[in-house]
Structure formats: C-alpha cells, structure tokens
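Visitor: I would like a close look at a single part of this protein. Please take one strand and go through its surroundings, then place it against the rest of the chain.

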Amino acid sequence: MSQRLLPALVLSATIAVWAVPVPQRNRAQHAVPAGGDANVKITPLGSHAGEFCTNDRALLFEDPTGVRILYDPGRTVAGGGDIRLGNVDVVILSHAHTDHIGEVMPDPNTPGTCAAPGTISAGPNTNLAEIIAAKNSAFFGGGELQNWVGRKVQDILGTPTAACPASGIDNTVTVPLSAPCTAALRPGGSRTVKAAGASTGVRLATVPAFHSDGIPTTATDAPGVAPGTSAYGGSETGFILKFTNGLTVYLTGDTGMFGDMAAIVRGYYHANLMVANISDTVTLGPDEAAFAVDTLVKPRIVIPSHINEAATSGGLPAGPRMLRFLDNMMLSHVGVVLPLSGITLQFDGDGNCVSCQ
C-alpha cells in the first residue's frame, strides 16, 4: 500500500481489523448496552484465523434475539461438526457454484496457506447439505435450489426433507427446528425467522444478481447431466437481511453492477451495511465494487468478500485486489471493515461497527 494512504486508515487496537474512518451520525439514537445485547454479531468463518483468504465466503450472523444465520458456507467450514458454528437456525445460499456450496472442506492435517488453503473432499452431498442436516437448519435459496438442497439433505438423513412453514402475513418460521426444512425465496417476497418466545424476528428477502447458477455435475444425483454441463439451479440472488435492531445488510452474492442496486437496495430497503463480493472476471472487480458501494448503494460500512486472493498478511491488507479497492475507497464516506476469520464484529442499527476503532 502506498505510504500516502496509511494515515487515512485506522488499525484497531482491540480487534485487528482495518477500517476507513466513517462519520458517526445518529450513533446516540441507538444506545448500546454495556453487554452489546442490542448489536448484531457477524463472524467470518475463513480458512485461516485472523486473515482474509482466497476461499473465504462464509459469514455467521447473530441477531440480538438469538437467531443465527449462516451465509454461503463454501469451502472453509468443516461440515456440521465445525466447532465455530454453534447453533445454525438458517442457512442461505446465493447460488450453487462449488465455492459457495463447498465441494471440499478444510483439511485439518494440511492447512496450506492463505493463498492456497488445504482442502479435502466434502463428497457429493456438499458441505452445505452436511451443515443443514447436522444443525436442523431452515434453508432459504433462490431459483429451484429448494428441491435440490432438500434432496441432498435427504441423501444424508435417509428421510424426505420437509418444506419450511410460513405462518401469517410475514411468512414466519419459528426456530429452533426439530428437523431441517427448505424453502424458496425469490425477489419480491420475504420470510421472517423468529426465535421462540421473541416478539420480533429477522426479515430475509432476495434481490437480483447477475452471474449464473449452474449446479455442478459432481453434486447431481442420478441420472445426472451430460459431461461438461451443469444442472439447472434457477436464478442467482443477493440477499437483504433486516435485523431486529434496525441493521439492514445487503449481501451482493456473485454479481456485476446493475442500476437496481440504487433503486431497490438503497431506495427501497435502505441497506446500511453491504457485503460485496470482489474477485474480478466473475464478479465485481475492485474498481466496479468501489463505484457500486460509493455511488449506487451508499451504506455506512462495506465488508469485502469473495476476493480470491490472500487479501491480508498478519491481519493487514496485502493482496493487489484488496489494496486497489482500498485505494478506490479512500475518498469515500463509506467505511471498509475487513472480514478476518474468527474475529466477531458487532454492528448497531445504524450500521456502525461498534467493535471497531
């Protein structure tokens, strides 16, 4: 990173994350209790503790009411037995490409490097389905993923996977569940997940993304598909998560830019935290991502993800895409917080990272 940029970045002394300074407007409107009970917790589950690495996609969200949502588990979660998971009430998936469903999982004996993590096969049922089956999770996904994921879970448990309930006008499912379930969630609709005994829940909606959603041949049950082709998975999606403290998160999924980021994500949902997939060639590149963040969505904070490089070294920005993105964001009013694996971030309802300095 060029020396001219270093003074504008702040390194937290309490948790090792980099953050571009952000205005603290309206912080007094959402006072946070000493225990942080009003905050949403976000824990990146990457391949190397304290780093942001090539395969990292998975994020675990915890609402103040206790609802826990796992996003795109991918290749860095060690199945349902990963000790970092705890309870998982809901699993959401942007699309069925291998790096998001997890055709492999971490190799505990050969961890590899941040740039090239070591992995072992997750088998044809995928890391995604193993987690849903082990945790009795509800699964929400776009397109035709509901039935495919349900079949993968059935292959593991030996019994058909039920459809998730959807009670009332808010299409509510109450957790925890006694068995896994699956449900479709397409743009224009929403579902609510409520913890037993809670008066409010987390609202989940999908928004468009522009990428593709082919199911890999290796994860397709007989009779399968022709060599060199993919099974039909429907439409790829992004997600909107509206938490009970007011935090509204936009998960881009794998996508390029599109005008509805401004019209729908900013104009209708008012997202104040954005998780942007940045890897170039197949998703937003660092230049396009900076424009989408600063001009189209305009959240309070952006968390980069899916960067396909060793984006940090010793917890500090290091990769060329990461540094290019930070260069582009230096004049922005949007803060940048890195998703270092295993370091839990806490956000108030305005989108401020209250655990960052």
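Guide: What follows covers one strand and its neighbours, then another sheet, then some totals. The model is predicted.

The part chosen is strand E17, residues 273-277. Five of its five residues are buried, so the strand is mostly covered by the definition used here, under 20% relative accessible area. The cover lies on both faces. On one side are Leu273, Val275 and Asn277, and on the other Met274 and Ala276; all of these are buried.

Strand E17 pairs with strand E16, residues 248-251, through three bridges in the parallel sense. Within this pairing, Val249 has Leu273 of E17 as its bridge partner. The connection from E16 to E17 passes through helix H4, residues 260-266, and this β-α-β crossover is right-handed.

Strand E17 also pairs with strand E18, residues 301-305. This pairing is parallel too, and it is made over five bridges. Here the bridge partner of Leu273 is Ile301 in E18. Helix H5, residues 286-297, forms a right-handed β-α-β unit together with E17 and E18. Leu273 thus appears in both pairings, as the partner of Val249 and of Ile301.

Elsewhere in the chain there is an open sheet of eight strands with mixed pairing, in the order E10-E12-E9-E6-E5-E4-E3-E22. Its edge strands, each pairing on one side only, are E10 (162-163) and E22 (345-347). Inside that order, strand E6 (residues 90-93) runs parallel to strand E9 (residues 138-141), and four bridges join them. Leu93 stands opposite Gly141 of E9. Helix H2, residues 126-135, packs on this sheet and touches strand E5 (68-71), E6 and E9. The direction of H2 makes about 160° with that of E6. Helix H3, residues 145-157, packs on the sheet as well, with contacts to E6, E9, E10 and strand E12 (181-184). For H3 the angle is taken against E12 and comes to about 165°.

As for the totals, the protein has six helices and 22 strands. It has 357 residues, of which 56% count as buried. Of the contacts between residues at least 6 apart in sequence, 64% join residues at least 24 apart. The accessible surface comes to about 13700 Å², and carbon and sulfur atoms account for 54% of it.

Technical notes. Residues numbered from 1 in each chain as written. Predicted model: local features only at pLDDT ≥ 70, side-chain atom pairs only at ≥ 80, totals over all residues. Heavy atoms only, no water. Pairing = 2+ DSSP bridges. Helix = DSSP H or I, 4+ residues; strand = E, 2+ residues; numbered from the N terminus. Contact = heavy atoms within 4.5 Å. Axes fitted to C-alpha atoms, helices over the stretch in contact; angles between N-to-C directions. Buried < 20%, exposed > 50% of the residue type's maximum accessible area, 1.4 Å probe, protein only. Areas by Shrake-Rupley, 256 points an atom, 1.4 Å probe, with all protein chains shown as cover. Right-handed = clockwise from strand over helix to strand, strands pointing away.
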